[in-house]
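Here is a set of short exercises to work through with the viewer open. Try each task yourself before you read the solution.

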Amino acid sequence: MDYNNQIEQNKLASQTINYWKILRIFLSRWYWVAGCVLISFIIAWLYLRTITPIYITSASLKLDNNDQQMNTLPNAPMNYRGFVSNQIQTEGIIMRSEDVILNALKNLDYKISYYLEGRVRTSELYPKTPFKIDILYQDSVNFSRAIYNVSPIDANTFEISTSDNQFKTQEKYKYNQPINMGNMVFALKSPVPAVGKYSFKFNGIRDLYGRAAGGLNVYEQEKNTNIMGVTHTDSNPTFSADVLNEIIKQYVKNDAELKKRSAKQTIDYLNSQIDFLDAQVNKSGNKLSNFQTSNRIIDPVTDKQINSSKLSQLQDQVAQLQLQELGIQQLEDQVKNNKDKIQLNLNLEGTNSTLLAGLITQFNSLIISRENKLQSFNAEAQPIKDIESQINELKQAIVTNIRLLHERNQKTISYINGQINNANQSLGTIPAKQNDFAKLQSNFDINQRMFSMLFERKLSAQISSAAVISGATIIGQAQPSFSPISPIPRKIYSSYMFMGLFAGLGLILAARLLNPYLYDIETIEGITATPIIGVILKYPKKVDFESQSVLSIEKPKSIFAESVRSVRTNLSFMASDRATKVICVTSEISGEGKSFVSLNLAGTLSIIDKKVILIAADLRKSKLHKAFGFNNNIGLSTYLSKQSSLDEIINRDEKHNIDYITSGPVPPNPSELLHSDQIQELIAKLRLTYEYIIIDTAPVGLVSDSIPLIRQADVNLFILRSGVSKNRAASIPDRLSKEYSLNNIAIILNSFGNEKLHSNIYTTNYAYGNTGTYYYSNYTGYGRSGYYDHEKRWWEFWKK
């Protein structure tokens, strides 16, 4: 009944989160965080030293909203470069084209690159040339792209080695001497600087194409404007600025050349038509003149002029449609036979509809896109096949549109021919000579008007061609920027600092999450309802059972001794009705301090003149005899096996006024001996003489030897060692109480060192916990208050 009441009273303590404790946990390992931050700063510094910085340069161009120059050309294609929403991206594709970039690179000094080797990385020296190299012979394509290391020997000679042989072979040459290496011949014309390690390499123009095109980016500088921004990124800011300026210059030049080419095509077409019409005018004029001469006719009859005028207009329309038919046929031949861009030369009387113009524009854009992708993919790659599929579809749509226009023209011509037949029938009533004269005159007038119209357009096209300018204007050239965009030291240092900070905090969290051990009272109280009667502090030095036997007696004024006396005081309240107390000391595993606690507890009891006997009941692995310097030839094992008498096994330590019984030799059956009636008789005899019988037993988590002693004891002390005992050990006292119906178990936390890193983040509310916890202090913060004796630390040498 008493046991059930005790279990009901002992409940887990009520605990609340203590945020100050959480802060103390992180502050306790501030040097971990500081170390991680310092390491991250070192890594950031090394990263900045080894990584090659990237620089960006920018330029801007203005695109014309309406291509006014091309609009001045008669019948010029309206869709050549009208400013639309996706115009910037279209111009970007043109600017990144191989033709523009390769022509731009030709204007740079690209053939030789010079490098200077630093302690960490090698830097390109462009545009500087530390020494002059003349290329005497070089294969245009097949020459070595190896790195040539060069170092001076004296004023006249130098050594050179190449990465083709991994710099193993060094050859000596004189300045101005032809050097035959890498399928080329070259000579050094000026001395190599004596300070620094220099190298160089030869470049083909295509070797720099990827570098020039890869860093190029085109964007809309301001939304809904015709201002195009162009940027280029590279590891050399001067090269980046130079190549960007050359690219935009070449782009503007290429744009003007395309317009002039289109104007020239228009003029060539007009010339071919003018030549044809000139022959027709001469032919019709000769016929008319011959007819007038032979028939002596000067002017047809006035009343026939109306029908003649109508016939003339109809024939004029047929001529116009036939001229358009020629343009349609020429465009159809170009679409079917040409795999490049389609040049839409004329817009004859609306023949080229808006739909056809749009299809041709899309076709030309796909042609440009295919040319650009062929720089990165081969002809059999899937992206190229996709584009070619789209090109074929557009080409089919253009052919279909041309066919429909052709059919429409044929129908119109057929209709007008019908009208002409009607007019001819009306003129049938006119006398034959006058009728023939009217036909010849009408044919001559039509040819003459067409010739005059095309000649006027040719003159206009020639004037406009001379005034053609580019549709893009450079409004801001690129200037070298020596502030890198990557890596930025400030951002690198700040990001690495936060990485180090989080790494340090992560180490603290990982150390806590991966820690399975008990460290403080609050953790124990959160696991078990068994009362804690005291905390024994961690001794500041390593405990040696052979030299420091009873520490609490040898250093009575230390804070450690005071913590043991606190346990002694609380122990007096347990089993207070017993004149003689049998105290059984156990733990879960070996090494948690059972013998150490037993020894010091016996020492503190002897100081207050209590008759104490200490029994080493761990018959397997006892070391208590070492504390008293006893040989352990006889002891508890010999007594239980009836080889020794009680008087023979009881020893006395006069120095500390303690009687003790050692474990004796290790028996073959320790568990059976401790379960025998002999042990009960021994305890009964000792009760007659001693006030305190302290039994140091074997760990209950490993063997069952101590169970009989635990069931006989008046007080059972379960030892938990800070930093050694695992969390599961705190639940063992509750299991022992439940299994053996015990209500006399209490916990002692041994070797408590106030380890803040692994301390519990909760604070126990003893007013509502009903844990039965005894009063004690952990003496945190009092060790160096001056109230207790303590060992001086090395930095306190100045203290007396």
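## Warm-up: the whole chain

Buried residues make up 47% of the 800 residues in this chain. Please keep in mind that the model is predicted.

**Exercise 1.** Find how many helices and strands the chain has, and what share of its contacts with a separation of 6 or more comes from residues 24 or more positions apart.

*Solution.*
- Start with the secondary structure: there are 25 helices and 23 strands.
- Then turn to the contacts with a separation of 6 or more: 79% of them involve residues 24 or more positions apart.

## The annotated spans

**Exercise 2.** Locate the spans that UniProt labels "transmembrane region", and describe their secondary structure.

*Solution.*
- Begin with the record: the unreviewed UniProt entry places this feature at residues 30–48 and 496–514.
- Residues 30–48 are 100% helix and 0% strand, with 27 Å between the end C-alpha atoms.
- Residues 496–514 are 95% helix and 0% strand, and here the end C-alpha atoms lie 26 Å apart.

**Exercise 3.** Classify the ring pair of Trp30 and Tyr31, then decide why each residue counts as buried, partly exposed or exposed.

*Solution.*
- The chain has 19 aromatic pairs.
- In the pair of Trp30 and Tyr31, the ring centres are 5.8 Å apart and the planes make 80°. Planes over 60 degrees apart count as edge-to-face, and that is the class of this pair.
- Trp30 is exposed because its relative accessible area is 55%, and the cut-off for exposed is over 50%.
- Tyr31 has 41% relative accessibility, so this residue counts as partly exposed.

## A six-stranded sheet and an aromatic cluster

**Exercise 4.** Trace the open sheet that contains S4 and S8, and name its edge strands.

*Solution.*
- Follow the 6 strands in the order S4-S3-S11-S6-S7-S8; their pairing is antiparallel.
- The edges are strand S4 (122–124) and strand S8 (171–174), each of which pairs on one side only.
- Neighbouring strands are turned by 30° against each other on average, direction ignored.
- Zoom in on one pairing: strand S3 (residues 112–117) and S4 are joined by 3 bridges in the antiparallel sense. Tyr115 has Glu124 in S4 as its bridge partner.
- For a look at the rings, select Tyr114, Phe131, Tyr148, Phe186, Tyr198, Phe200 and Phe202, which form one aromatic cluster.

**Exercise 5.** Work out which strands pair with S2.

*Solution.*
- Strand S2 (residues 55–63) pairs with strand S13 (residues 227–234) over 8 bridges, in the antiparallel sense. Here Ala59 stands opposite Val230.
- S2 also runs antiparallel to strand S14 (residues 472–476), joined by 4 bridges. In this pairing, Leu61 faces Ile474.

## The eight-stranded sheet and its helices

**Exercise 6.** Give the strand order of the open sheet that contains S15 and S18, then place H16 and H22 against the strands.

*Solution.*
- The 8 strands follow the order S15-S22-S21-S16-S20-S17-S19-S18, with mixed pairing.
- Strand S15 (532–537) and strand S18 (651–653) are the edges, each pairing on one side only.
- On average, neighbouring strands are turned by 25° against each other, direction ignored.
- Inside the sheet, S16 and strand S21 (residues 715–721) are parallel and share 5 bridges. Ser587 has Ile719 in S21 as its bridge partner.
- H16 packs on the sheet and touches S15, S16, S21 and strand S22 (745–752), with its direction at about 165° to that of S15.
- Helix H22 (residues 677–687) lies across S16, strand S17 (612–616), strand S19 (658–661) and strand S20 (692–696), at about 150° to S20.

**Exercise 7.** Find where Ser576 sits, and decide whether this residue is buried or exposed.

*Solution.*
- Ser576 is in the loop between helix H16 (559–571) and strand S16 (581–587).
- Its relative accessible area is 57%, so Ser576 is exposed.
- Ser576 and Asp714 are 138 residues apart in sequence, yet 9.7 Å apart C-alpha to C-alpha.

## Nonpolar cores

**Exercise 8.** Which residues touch the most other members of the largest nonpolar core?

*Solution.*
- This core has 44 residues, and the ones to pick are Leu636, Leu686 and Leu720.
- Leaving aside residues up to four places away in sequence, Leu686 touches Ile613, Ile615, Leu646, Ile650, Ile661 and Ile693.
- A second, separate core has 34 residues, including Leu105, Leu108, Tyr110 and Val252.

Key: Residues are numbered from 1 along each chain as its sequence is written. This is a predicted model: local features need pLDDT of at least 70, side-chain atom pairs count only at pLDDT 80 or more; totals for chains, interfaces and linings use all residues. Side-chain values use heavy atoms; hydrogens and water are left out. UniProt positions are given in the numbering used here, feature names are shortened, and annotations may be inferred rather than shown by experiment. Helices (H or I, at least four residues) and strands (E, at least two) are DSSP runs, numbered from the N terminus. A nonpolar core is a set of buried Ala, Val, Leu, Ile, Met, Phe, Trp, Tyr and Cys residues joined through side-chain atoms within 4.5 Å. Buried means under 20% relative accessible area, exposed over 50%, partly exposed in between (1.4 Å probe, protein chains only). Contact means heavy atoms within 4.5 Å. Two strands pair if DSSP finds at least two bridges between them. Axes are lines fitted to C-alpha atoms, for helices over the stretch in contact, and angles run from 0 to 180 degrees between N-to-C directions. Rings of Phe, Tyr and Trp (its six-membered ring) pair if their centres lie within 6.5 Å; planes under 30 degrees apart count as stacked, over 60 as edge-to-face and the rest as tilted.
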